[in-house]
Amino acid sequence: MKNQKGLTLIELVLTLSIGIMIIGFLSAMYFSAYKGFDGANKAFENQSDIRNAIEITNNSIRFSTVGFAVSEIDYKPQISADNKVTGLVEPWDYLGLSPDKTKLYHYVYVPDTPLTGHYKAETLIDAKPGILYDLKLSKVKSDYSDKLLRYILKVTKDGKVEATISTEVEAINALQVVDWGDANNPAVALAYRTEETPMIDERPSAAVAVVIDTSGSMVWGLDGSGTTISDTNPQRLNLLKNTLTDSNYGLLRLLEDTVSFVSLIPFSTDANIPNSNYSPLWGIDVSKFYNVSEDSETLVDMINALSAVGATNTGDGLRRAYGQLLNFENDKVAYGLKSDQELRKYMIVLIDGVTTVGSADFDYGRVWTGWGYRYRYAEKGFTTSPYVQSNGEFTQTNRLVNSLDSVIETLSFSVGNGAVLDQFGEDYVAEIGQLIQDSKKVDQCFVIGYSNYIEGGVYTELESLADVAKSLGISVGAGEVAEKFVNNDFVFMATDKESLREAFDSIGGLISDDLWQIEGPKLNP
């Protein structure tokens, strides 16, 4: 047939080459698609594990009756070759990472007998090549709930962050959630229980002595001005009253779900009970403690009746508060508590200025002067008895002698310059603080510095704050000092409305946490 030709060798080679290229291209597409599918499938499996872990974690928080966010100090799980789990506190259940951060475990406590049991480690997220996890938990401050917990799960692969999941959950069945983490040791696991909580009268009760500076500077504005009072510079005493009695955020509101009794100890030149810085309160015994949940109106009336005048005798406030706490411990049955009911004692001290006076005992009696016997005073030393009433400022310096021939009585007086930082007053604070520490009768003290007056970059009115804290056994490290002092868990700088509220919010939360009816999951050292 005319014009018909076969394929030349060159055409055949070209055809085969093109065919091979097409087959190679299609093969590459296939294997690429397969790898993509395989990777997507593995990613899906990992996401599915994480979703399942989040659901279990959320439900564990939501339906727990008590939950503790614990740091690595109290979370040290180890799984032996025979699957025995150690480093946890029975009978708590736990949610947390493995020591190498490659797995997320649910450690479930399984009772063997009424007194013994073992842990079953359930893997929620299994180990995958190159992937590490980081888990952090913290309690959330909220206006509507004290039971919110936030946890953040971070996923990294080969050192690169792949995902960060942040979730907040409310423990709807729990009285509260307790956060044992802090900046140095953040919470990394959840320890929780689901059994029914004990009756409220089985929980520890609290006696809280609130020591309030009512010296003359408390009628000033926060910035130290005595005349320019405004919304932005409120009067110190009025702002304090409003904060303590606020029905949404005040200290009384924070303690109303606990069995807490509060006593107010105002102090200025002295801390006598009743104090001259109370307006008349008919029918109210200001020397007593009052149940926060039952007698809140009485406490509000006492707070609103406070006035401010006089010097700053912080040591006398500490001394009388200590006496009040001892009285309550001795009389707790009269307050409706069981004789064997556990009692925690707390002291909250608010100061707005430096210590300007202290309290000293003076013997009063007769001494021979050469002109006959005269009545004179001889100073003995610091007033340390928790119950002694002060007789005001000592003004009899012209009748002061070194010793007496006979003593008629011993009286307590305030001594010091009354206007600026006084060394005797500072030494008196240290003396009373050491007395309180040595007694081991007060479980925890809190100190609030309350002023916004700055001079030369320093809160000069709060120069006594660190010393008051140290006297009560609250450690103050060098790294915590900046512009004289920085907040820690037990000492607070309240320089405006928000920080004052936050101080009482933190204190109320810590006391409330401490009163939780079940001993927390604390590992033995």
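## Two helices and two nonpolar cores

In this predicted model, Thr314, Gly315, Asp316, Leu318, Arg319 and Tyr322 in helix H5 meet Tyr428, Val429, Ile432, Leu435, Ile436 and Ser439 in helix H6. Sorted by class, the residues of this contact are seven nonpolar, three polar and two charged. The axes of H5 (residues 314-330) and H6 (residues 423-439) come within 8 Å and cross at roughly 20°, and because angles under 35 degrees count as roughly parallel, H5 and H6 are described as roughly parallel to each other. The crossing in which H5 passes H6 is left-handed.

A second topic is the nonpolar interior. In soluble globular proteins, nonpolar side chains tend to be buried together. The table sets out two such cores of this model.

| Core | Number of residues | Residues, among others |
|---|---|---|
| Largest nonpolar core | 40 residues | Val208, Ile348, Ile448, Tyr450, Phe504 and Ile511 |
| Another core, apart from it | 36 residues | Val211, Val259, Ala469 and Met493 |

The six residues named for the largest core are those with the most contacts inside it, and helix H8 (residues 497-514) gives the most to this core, with five residues. Tyr450, one of the residues named there, is in contact, leaving aside its neighbours within four places in sequence, with residues including Met218, Leu222, Arg236, Asp352, Leu462 and Leu500.

Is Ser260, in strand E13 (residues 260-267), buried or exposed? Ser260 has a relative accessible area of 0%, so this residue is buried. Leaving aside its neighbours within four places in sequence, Ser260 is in contact with Ala206, Leu255, Tyr290, Asn291, Val292 and Leu515.

How values were computed
Residues numbered from 1 in each chain as written. Predicted model: local features only at pLDDT ≥ 70, side-chain atom pairs only at ≥ 80, totals over all residues. Heavy atoms only, no water. Core = buried A, V, L, I, M, F, W, Y, C linked by side-chain atoms within 4.5 Å. Buried < 20%, exposed > 50% of the residue type's maximum accessible area, 1.4 Å probe, protein only. Helix = DSSP H or I, 4+ residues; strand = E, 2+ residues; numbered from the N terminus. Contact = heavy atoms within 4.5 Å. Axes fitted to C-alpha atoms, helices over the stretch in contact; angles between N-to-C directions. Parallel < 35°, antiparallel > 145°, perpendicular 65-115°, else oblique. Left-handed = near helix turned anticlockwise from the far one by under 90°. Nonpolar A, V, L, I, M, F, W, Y, C, P; charged D, E, K, R; others polar.
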